[in-house]
Amino acid sequence: MQRRRHYREGPKDDIVYVLDYMREGNPLDRHKFHSNKPLIQAVGRDFFTLCEIVVQDTSKDIQLEQRIDLKEETGIMFDVNITYEDLTSVARDSLKRVLYTILTEKENEIIKFFNNAGPLTLKLHSLELIPSIGKKTLRMLLEERRKKPFENYKDLESRTSIKDVKNLIVERIINEMKGEEKYYLFVYPSALLSEENKRSPDQQVRYVGYLEKR
């Protein structure tokens, strides 16, 4: 079994959504404390970081996909960042639904991304990293936003060939969570950035962080 990797580098999300709540702990977790104590796996709202949270107050009624403000909630404490591979099957099953919820909340920020995203290199535009957006769709997007900035998801979809914008962004976020990308538009790749000194220049990752630029 591949050894689990955990990271504390980079920003932490104060607001998270519950992906899995293990009331009896996670026996597969390499941290002994996590094996038999109440434990939450969650995703952050702002940086889409994956983490494990220790539940100190066992009287709390915690539900899947519940929103938690770690600054306000007592008896619940952030413990460690984790990778996509660490997620339980329940957490992976919850992830798409939770991300869809987050992107509904962050509609203005996502639309701002589509209105302002620029090229990453001479040959690659940021918008091309979104699934289903090729050169033809990119040209249409750039032309339409020059005429008038997009106002919301519905406006974007009606003026372009893109369908279900949120689903495409969810797909991109999950790809970034898996740690196999070079450019990170939304997810803070703390695990990969902590290993930069081990990578050759052409393998190094770049955190673009478009949603921070709101």
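Read along the sequence, the elements of the protein succeed one another in the pattern β-β-β-β-β-α-α-α-α-α-β-α-β, which comprises six helices and seven strands. The model is a predicted one, with a mean pLDDT of 87 for the protein and 83% of its residues reaching 70 or more. Over residues 1-8, however, the pLDDT is below 50, although this stretch has 27 contacts in the model beyond near neighbours in sequence. Of the 214 residues of the protein, 53% count as buried, and among contacts between residues at least 6 apart in sequence, 60% join residues at least 24 apart.

Five of the strands form an open sheet with antiparallel pairing, in which the order is β4-β1-β2-β3-β5. The edges of this sheet are occupied by β4 and β5 (76-81), each of which pairs on one side only, and the twist from one strand to the next averages 40°. In general, the strands of a sheet pair through backbone hydrogen bonds, in either a parallel or an antiparallel arrangement.

Strand β1, which spans residues 15-22, is mostly covered, with eight of its eight residues buried. In the order of the sheet, β1 stands between β4 and β2. Its pairing with strand β4 (residues 67-69) is antiparallel and extends over three bridges, and within this pairing Ile15 stands opposite Asp69 of β4. Towards strand β2 (residues 39-44), β1 is joined by six bridges, and these two strands likewise run antiparallel; here Val16 stands opposite Gly44 of β2. The sheet continues from β2 to strand β3 (residues 50-55), the two being paired in the antiparallel sense over five bridges, with Val43 opposite Leu50 of β3.

Helix α1 is placed against this part of the sheet, lying across β1, β2 and β4 and running at about 160° to β1. Angles over 145 degrees count as roughly antiparallel, so the direction of α1 relative to β1, at about 160°, falls in that class. One of the residues of helix α1 is Ser94, which counts as buried because its relative accessibility is 1%, where the limit for a buried residue is under 20%. When neighbours within four places in sequence are left aside, Ser94 is in contact with Leu19 and Leu64. Leu19 belongs to the span of β1, residues 15-22.

Helix α1 (residues 89-105) also meets helix α5 (residues 165-177), the axes of the two helices coming within 10 Å and crossing at roughly 120°. The two helices are therefore oblique to each other, since an angle of roughly 120° lies outside the range of 65 to 115 degrees that counts as roughly perpendicular and is not over 145. The crossing of α1 and α5 is right-handed. On the side of α1 the contact is made by Leu95, Lys96, Leu99, Tyr100, Leu103 and Thr104, and on the side of α5 by Lys166, Asn167, Ile169, Val170, Ile173, Ile174 and Met177. Helix α1 thus has a place in both arrangements described here, as the element that lies across β1, β2 and β4 and as the partner of α5 in an oblique crossing.

Key: Residues are numbered from 1 along each chain as its sequence is written. This is a predicted model: local features need pLDDT of at least 70, side-chain atom pairs count only at pLDDT 80 or more; totals for chains, interfaces and linings use all residues. Side-chain values use heavy atoms; hydrogens and water are left out. Buried means under 20% relative accessible area, exposed over 50%, partly exposed in between (1.4 Å probe, protein chains only). Helices (H or I, at least four residues) and strands (E, at least two) are DSSP runs, numbered from the N terminus. Two strands pair if DSSP finds at least two bridges between them. pLDDT is the predictor's confidence in each residue, from 0 to 100. Contact means heavy atoms within 4.5 Å. Axes are lines fitted to C-alpha atoms, for helices over the stretch in contact, and angles run from 0 to 180 degrees between N-to-C directions. Angles under 35 degrees count as roughly parallel, over 145 as roughly antiparallel, 65 to 115 as roughly perpendicular and the rest as oblique. A crossing is left-handed if the near helix is turned anticlockwise from the far one by less than a right angle, and right-handed if clockwise.
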